[in-house]
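Let's take a walk through this protein together, one neighbourhood at a time. Please keep the structure open beside the text and turn it as you read.

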Amino acid sequence: MTWKYKRIIIEAVVIFCLGVVVGLSVNHRMVIDAFAGKVASKAAPPADSASVAQYPVPTFLEEVLAEREEGALLVDARVGELYREGHIAGAVSLPLADYETQLEQFKQDIDPDRTLILYCSGYGCPDSFDLGQVLLEEGFRDVRVYEGGMPEWRDQGLPVEKGAP
């Protein structure tokens, strides 16, 4: 064995020994507890499902079309003026800006088990997502967000209606 290889092996042993010393100095309590037979602390129990945050599920155009055929309700989260200028055919209006005044009536009119697909002004518009979180907190169980929103729907040439909410 040449001097070059001996030197590499000695350096590796020194590095290993330094690693053990540093590791034991940082974790000495855990090592002592392990040799004493003490069990490591248990992880916190999982939170119950009621306290876990729920988020609306993102959905795409093809899924929106299929879910709409199966009875999903489209909900326009944009302001009423934009809804009047044009909205997805069959959609109802529940603007995020006005939800506090309209939510009780919405809850009375809509079954909480019905699939809701919320939309607003396309990618980058947070209103439908924010409204979706509100609806989940209010007890609606299947809330989705159509991220392409009104711009994608209109650009695909799909039916659009005009009129008051």
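Let's begin with two cysteines: C120 is buried, and so is C125, where buried means under 20% relative accessible area, exposed means over 50% and partly exposed lies in between, with a 1.4 Å probe and protein chains only. C120 and C125 form a disulfide, with 2.2 Å between their sulfur atoms; a disulfide here is a pair of cysteine sulfur atoms within 2.5 Å. A search of the whole structure finds one disulfide. The torsion about the S-S bond of C120 and C125 is about -135°, so this disulfide is left-handed. Another cysteine, C17, has a relative accessible area of 40%, so C17 is partly exposed.

A word on what you are looking at: this is a predicted model, in which local features need pLDDT of at least 70 and side-chain atom pairs count only at pLDDT 80 or more, while totals for chains, interfaces and linings use all residues. Residues are numbered from 1 along each chain as its sequence is written, and side-chain values use heavy atoms, with hydrogens and water left out.

Now step back to the whole chain. The protein has six helices and seven strands, taken as DSSP runs (H or I of at least four residues for helices, E of at least two for strands) and numbered from the N terminus. Following the sequence, you meet them in the pattern α-β-α-β-α-β-β-α-β-α-β-α-β. Of the 165 residues, 31% count as buried. The protein exposes about 11,000 Å², and carbon and sulfur atoms supply 58% of that area, as computed by the Shrake-Rupley method with a 1.4 Å probe, where for residues only the protein chains shown count as cover. Among contacts (heavy atoms within 4.5 Å) between residues at least 6 apart in sequence, 73% join residues at least 24 apart.

Towards the start of the numbering, an unreviewed UniProt entry lists residues 7-26 as "transmembrane region". UniProt positions are given in the numbering used here, feature names are shortened, and annotations may be inferred rather than shown by experiment. In the model, residues 7-26 are 100% helix and 0% strand, and their end C-alpha atoms are 29 Å apart.

Next, look at D76, which lies in strand β2 (residues 73-76). With a relative accessible area of 0%, D76 is buried. What does the side chain of D76 meet there? One polar contact, of 2.8 Å, joins it to the side chain of R78, and another, of 3.0 Å, joins the side chains of D76 and Y119. A polar contact is a pair of N or O atoms within 3.5 Å; within protein, one must be able to donate a hydrogen and the other to accept it, and residues adjacent in sequence count only if both atoms are side-chain atoms. Leaving aside neighbours within four places in sequence, D76 is in contact with Y83, H87, V92, S93, L94, P95 and Y119.

A second site worth a visit is T59, in strand β1. T59 has a relative accessible area of 3%, so T59 is buried. Its side chain makes a polar contact of 2.9 Å with the side chain of E63. Not counting residues up to four places away in sequence, T59 touches V64, I117, R144, V145, Y146 and E147.

Now for the rings. The structure holds two aromatic pairs: rings of Phe, Tyr and Trp (its six-membered ring) pair if their centres lie within 6.5 Å, and planes under 30 degrees apart count as stacked, over 60 as edge-to-face and the rest as tilted. Y55 and F129 form a stacked pair, 6.2 Å centre to centre with 15° between the planes. This pair links distant parts of the chain, 74 residues apart: Y55 is in the loop between α1 (3-36) and β1 (57-59), and F129 is in helix α5 (residues 127-137). F129 is partly exposed, with a relative accessible area of 32%. The rings of F106 and F140 have centres 5.6 Å apart and planes at 55°, so that pair is tilted. F106 in helix α4 (residues 99-109) and F140 in the loop between α5 and β6 (143-146) are 34 residues apart. At 8% relative accessibility, F106 counts as buried, and F140 is buried with 3%.

Finally, stay with α5. Its buried residues are S128, L131, G132, V134, L135 and L136, and what covers them includes β2, α4, β5 (116-119) and β6. An α-helix has 3.6 residues a turn, so residues three or four places apart point the same way. Just after α5, G139 takes a positive phi of about 110°.
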